[in-house]
Amino acid sequence: MDIKGTTFTIVTQIFLLVFLLSASKPVKADDKTFVRKLCDQTLEPDVCLNCILSDTGRESSNVSNMTYSILFCMYSQTTYAHQCADHLYQNTAAVRLKTTYRVCRDTMLSASNTLWDGLTKMEVSDYKNAHVSARMAHLDLLRCVFAFMKYANVPVPAELLSYMVQTKRLFDAAQFMFLLLD
(Lines give C-alpha, C1' and ligand atoms only; values in the text may rest on other atoms or scores of the structure.)
Protein backbone atom coordinates (compact mmCIF):
# COMPACT_ATOMS: atom_id res chain seq x y z
CA MET A 1 0.00 0.00 0.00
CA ASP A 2 1.43 3.43 -0.85
CA ILE A 3 1.84 6.33 1.61
CA LYS A 4 -1.46 7.98 0.55
CA GLY A 5 -3.38 4.76 1.12
CA THR A 6 -1.71 4.19 4.48
CA THR A 7 -2.40 7.76 5.60
CA PHE A 8 -6.01 7.54 4.44
CA THR A 9 -6.48 4.26 6.32
CA ILE A 10 -4.98 5.66 9.54
CA VAL A 11 -7.10 8.83 9.41
CA THR A 12 -10.22 6.79 8.70
CA GLN A 13 -9.52 4.46 11.60
CA ILE A 14 -9.01 7.41 13.96
CA PHE A 15 -12.34 8.93 12.97
CA LEU A 16 -14.05 5.57 13.35
CA LEU A 17 -12.50 5.11 16.79
CA VAL A 18 -13.79 8.52 17.90
CA PHE A 19 -17.22 7.63 16.50
CA LEU A 20 -17.28 4.31 18.35
CA LEU A 21 -15.99 5.77 21.62
CA SER A 22 -18.83 8.26 21.60
CA ALA A 23 -21.23 5.31 21.56
CA SER A 24 -20.74 4.78 25.30
CA LYS A 25 -23.23 7.54 26.16
CA PRO A 26 -26.73 6.32 27.13
CA VAL A 27 -29.64 6.88 24.74
CA LYS A 28 -32.74 8.58 26.16
CA ALA A 29 -36.03 6.70 25.72
CA ASP A 30 -37.81 9.65 24.05
CA ASP A 31 -34.87 10.08 21.67
CA LYS A 32 -35.07 6.42 20.66
CA THR A 33 -38.84 6.68 20.10
CA PHE A 34 -38.44 9.72 17.84
CA VAL A 35 -35.63 8.08 15.87
CA ARG A 36 -37.67 4.88 15.50
CA LYS A 37 -40.72 6.79 14.22
CA LEU A 38 -38.62 8.61 11.65
CA CYS A 39 -36.66 5.53 10.58
CA ASP A 40 -39.87 3.54 10.20
CA GLN A 41 -40.76 5.85 7.32
CA THR A 42 -37.59 5.04 5.37
CA LEU A 43 -37.09 2.14 2.95
CA GLU A 44 -34.61 0.61 5.39
CA PRO A 45 -35.96 1.13 8.93
CA ASP A 46 -33.66 -1.34 10.71
CA VAL A 47 -30.50 -0.10 9.00
CA CYS A 48 -31.52 3.50 9.70
CA LEU A 49 -32.28 2.83 13.35
CA ASN A 50 -29.11 0.83 14.01
CA CYS A 51 -26.91 3.45 12.39
CA ILE A 52 -28.43 6.46 14.13
CA LEU A 53 -28.63 4.85 17.55
CA SER A 54 -24.98 3.77 17.29
CA ASP A 55 -24.06 7.46 17.05
CA THR A 56 -24.84 8.54 20.60
CA GLY A 57 -22.53 11.52 20.10
CA ARG A 58 -25.39 13.29 18.35
CA GLU A 59 -26.23 16.48 20.18
CA SER A 60 -29.92 16.17 19.40
CA SER A 61 -32.39 14.11 17.43
CA ASN A 62 -33.12 16.51 14.67
CA VAL A 63 -33.27 15.40 11.06
CA SER A 64 -30.01 17.11 10.19
CA ASN A 65 -28.05 15.27 12.89
CA MET A 66 -29.66 11.96 11.99
CA THR A 67 -28.86 12.47 8.31
CA TYR A 68 -25.27 13.24 9.27
CA SER A 69 -25.14 9.96 11.21
CA ILE A 70 -26.40 8.01 8.20
CA LEU A 71 -23.86 9.67 5.90
CA PHE A 72 -21.11 8.80 8.37
CA CYS A 73 -22.23 5.18 8.38
CA MET A 74 -22.20 5.23 4.57
CA TYR A 75 -18.71 6.73 4.65
CA SER A 76 -17.52 3.96 6.97
CA GLN A 77 -18.98 1.22 4.77
CA THR A 78 -17.45 2.64 1.57
CA THR A 79 -14.10 2.93 3.33
CA TYR A 80 -14.32 -0.75 4.29
CA ALA A 81 -15.33 -1.60 0.71
CA HIS A 82 -12.33 0.34 -0.60
CA GLN A 83 -9.97 -1.50 1.75
CA CYS A 84 -11.48 -4.84 0.77
CA ALA A 85 -11.21 -4.10 -2.96
CA ASP A 86 -7.63 -2.90 -2.49
CA HIS A 87 -6.76 -6.13 -0.67
CA LEU A 88 -8.31 -8.17 -3.51
CA TYR A 89 -6.40 -6.08 -6.07
CA GLN A 90 -3.09 -6.55 -4.25
CA ASN A 91 -3.57 -10.32 -4.02
CA THR A 92 -4.78 -11.10 -7.53
CA ALA A 93 -2.64 -12.02 -10.51
CA ALA A 94 -5.37 -12.69 -13.09
CA VAL A 95 -5.43 -9.71 -15.46
CA ARG A 96 -9.22 -9.41 -15.84
CA LEU A 97 -9.83 -9.71 -12.09
CA LYS A 98 -7.02 -7.28 -11.34
CA THR A 99 -8.64 -4.73 -13.67
CA THR A 100 -12.02 -5.32 -12.02
CA TYR A 101 -10.62 -4.91 -8.51
CA ARG A 102 -8.67 -1.79 -9.53
CA VAL A 103 -11.79 -0.14 -10.95
CA CYS A 104 -13.79 -1.13 -7.89
CA ARG A 105 -11.04 0.02 -5.50
CA ASP A 106 -10.83 3.38 -7.24
CA THR A 107 -14.59 3.92 -7.33
CA MET A 108 -14.96 2.98 -3.66
CA LEU A 109 -12.21 5.45 -2.78
CA SER A 110 -14.05 8.07 -4.81
CA ALA A 111 -17.31 7.21 -3.01
CA SER A 112 -15.62 7.47 0.37
CA ASN A 113 -14.05 10.83 -0.46
CA THR A 114 -17.33 12.12 -1.88
CA LEU A 115 -19.18 11.11 1.28
CA TRP A 116 -16.55 12.87 3.39
CA ASP A 117 -17.26 15.99 1.33
CA GLY A 118 -20.96 15.42 1.99
CA LEU A 119 -20.30 15.27 5.72
CA THR A 120 -18.51 18.61 5.62
CA LYS A 121 -21.43 20.07 3.66
CA MET A 122 -23.84 18.79 6.31
CA GLU A 123 -21.79 20.57 8.97
CA VAL A 124 -22.47 23.92 7.29
CA SER A 125 -26.14 23.09 6.57
CA ASP A 126 -25.58 22.77 2.81
CA TYR A 127 -28.08 19.92 2.59
CA LYS A 128 -28.66 20.15 -1.14
CA ASN A 129 -24.99 19.60 -1.98
CA ALA A 130 -24.63 16.97 0.74
CA HIS A 131 -27.47 15.10 -0.99
CA VAL A 132 -25.64 15.45 -4.30
CA SER A 133 -22.56 13.93 -2.64
CA ALA A 134 -24.61 10.96 -1.40
CA ARG A 135 -26.04 10.40 -4.88
CA MET A 136 -22.59 10.60 -6.48
CA ALA A 137 -21.26 8.06 -3.99
CA HIS A 138 -24.21 5.81 -4.84
CA LEU A 139 -23.27 6.02 -8.52
CA ASP A 140 -19.69 5.05 -7.65
CA LEU A 141 -21.09 2.01 -5.88
CA LEU A 142 -22.91 1.02 -9.07
CA ARG A 143 -19.75 1.58 -11.13
CA CYS A 144 -18.02 -1.02 -9.00
CA VAL A 145 -20.82 -3.52 -9.62
CA PHE A 146 -20.69 -2.82 -13.36
CA ALA A 147 -16.92 -3.38 -13.37
CA PHE A 148 -17.51 -6.97 -12.28
CA MET A 149 -19.91 -7.49 -15.18
CA LYS A 150 -17.76 -5.66 -17.74
CA TYR A 151 -14.26 -6.91 -17.02
CA ALA A 152 -14.52 -10.28 -15.31
CA ASN A 153 -18.14 -11.46 -15.48
CA VAL A 154 -17.87 -12.94 -11.99
CA PRO A 155 -19.93 -12.30 -8.85
CA VAL A 156 -18.78 -9.66 -6.40
CA PRO A 157 -16.87 -11.38 -3.57
CA ALA A 158 -19.02 -11.83 -0.44
CA GLU A 159 -17.10 -9.54 1.92
CA LEU A 160 -16.97 -6.70 -0.59
CA LEU A 161 -20.61 -7.26 -1.49
CA SER A 162 -21.70 -7.03 2.15
CA TYR A 163 -20.11 -3.57 2.51
CA MET A 164 -21.66 -2.45 -0.75
CA VAL A 165 -25.13 -3.73 0.15
CA GLN A 166 -24.97 -2.00 3.53
CA THR A 167 -23.94 1.24 1.81
CA LYS A 168 -26.87 0.93 -0.62
CA ARG A 169 -29.30 0.33 2.23
CA LEU A 170 -27.96 3.36 4.10
CA PHE A 171 -28.32 5.40 0.92
CA ASP A 172 -31.99 4.38 0.72
CA ALA A 173 -32.50 5.58 4.30
CA ALA A 174 -30.62 8.82 3.60
CA GLN A 175 -32.88 9.59 0.62
CA PHE A 176 -35.87 9.97 2.92
CA MET A 177 -33.94 12.13 5.38
CA PHE A 178 -32.82 14.48 2.62
CA LEU A 179 -36.42 14.87 1.47
CA LEU A 180 -37.25 16.14 4.96
CA LEU A 181 -34.35 18.60 4.82
CA ASP A 182 -35.43 20.21 1.52
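**An all-helical fold and its contacts**

From the N terminus on, the elements of the protein follow the order α-α-α-α-α-α-α, and the secondary structure accordingly comes to 7 helices and 0 strands. The model described here is a predicted one. Of the 182 residues in the protein, 47% are buried, and the surface that the protein exposes amounts to about 9600 Å², of which carbon and sulfur atoms supply 59%. When contacts between residues at least 6 apart in sequence are considered, 72% of them join residues that are at least 24 apart.

The interior is described first. The largest nonpolar core contains 47 residues, and those with the most contacts inside it are Ile70, Leu71, Leu160 and Met177. At least two residues of this core are supplied by each of helix H2 (29–39), helix H3 (45–54), helix H4 (63–90), helix H5 (95–123), helix H6 (127–152) and helix H7 (158–181). The largest share comes from H4, which provides 13 residues of the core. For Leu160, residues up to four places away in sequence being left out of the count, the residues touched are Ala81, Cys84, Ala85, Leu88, Cys104 and Phe148.

Leu160 is also one of the buried residues of H7, a set that further includes Met164, Thr167, Leu170, Phe171 and Asp172. Towards the end of that list stand Ala173, Ala174, Phe176, Met177, Phe178 and Leu181, which are likewise buried residues of H7. The helix itself has 24 residues and reaches 34 Å from its first C-alpha to its last, a span close to the 34 Å expected at 1.5 Å a residue.

A polar residue, Gln77, is found in helix H4. With a relative accessible area of 17%, Gln77 falls under the 20% cut-off and is therefore buried. Again without counting residues up to four places away in sequence, Gln77 touches Tyr163, Gln166, Thr167 and Leu170, and of these partners Thr167 and Leu170 are listed among the buried residues of H7.

Charged side chains contribute a further set of links, with the count coming to 5 salt bridges. One of them is formed by Glu44 and Arg169, whose closest N and O atoms are 2.8 Å apart. Because Glu44 lies in the loop between H2 and H3 while Arg169 lies in helix H7, this pair ties together parts that are 125 residues apart in sequence. The two partners are not equally covered, since Glu44 counts as buried at 16% relative accessibility, whereas Arg169, at 30%, counts as partly exposed.

A second salt bridge brings together the side chains of Asp86 and Arg105, with a distance of 3.6 Å from N to O. This pair, too, links distant parts of the chain, Asp86 being in helix H4 and Arg105 in helix H5, 19 residues apart. Both Asp86 and Arg105 are buried, and together with Asp106 these residues are linked in a network of salt bridges.

A further salt bridge is found within a single helix, where Arg143 pairs with Asp140 and the closest N and O atoms are 2.6 Å apart. Both residues lie in helix H6, 3 residues apart, which corresponds to about one turn of the helix. An α-helix has 3.6 residues a turn, so residues three or four places apart point the same way. Asp140 counts as buried at 7% relative accessibility, while Arg143, at 43%, counts as partly exposed.

The same pair is also in contact with a residue of another helix, Thr107, which lies in helix H5. Leaving aside neighbours within four places in sequence, Thr107 is in contact with Asp140, Arg143 and Cys144. At 10% relative accessibility, Thr107 counts as buried.

On the surface, a nonpolar patch is formed by Leu139, Leu142, Phe146 and Met149, with about 370 Å² of accessible area together. Of these residues, Met149 is found in helix H6, the helix in which Arg143 and Asp140 also lie.

Notes: Residues are numbered from 1 along each chain as its sequence is written. This is a predicted model: local features need pLDDT of at least 70, side-chain atom pairs count only at pLDDT 80 or more; totals for chains, interfaces and linings use all residues. Side-chain values use heavy atoms; hydrogens and water are left out. A nonpolar core is a set of buried Ala, Val, Leu, Ile, Met, Phe, Trp, Tyr and Cys residues joined through side-chain atoms within 4.5 Å. Buried means under 20% relative accessible area, exposed over 50%, partly exposed in between (1.4 Å probe, protein chains only). Helices (H or I, at least four residues) and strands (E, at least two) are DSSP runs, numbered from the N terminus. Contact means heavy atoms within 4.5 Å. Patches are made of residues with over 30% relative accessible area and no salt bridge: like charges are joined within 9 Å, nonpolar side chains (Val, Leu, Ile, Met, Phe, Trp, Tyr) within 5 Å. Accessible areas come from the Shrake-Rupley method with a 1.4 Å probe; for residues, only the protein chains shown count as cover. A salt bridge is a side-chain nitrogen of Lys or Arg within 4 Å of a carboxyl oxygen of Asp or Glu. The expected span of a helix is 1.5 Å times one less than its number of residues.
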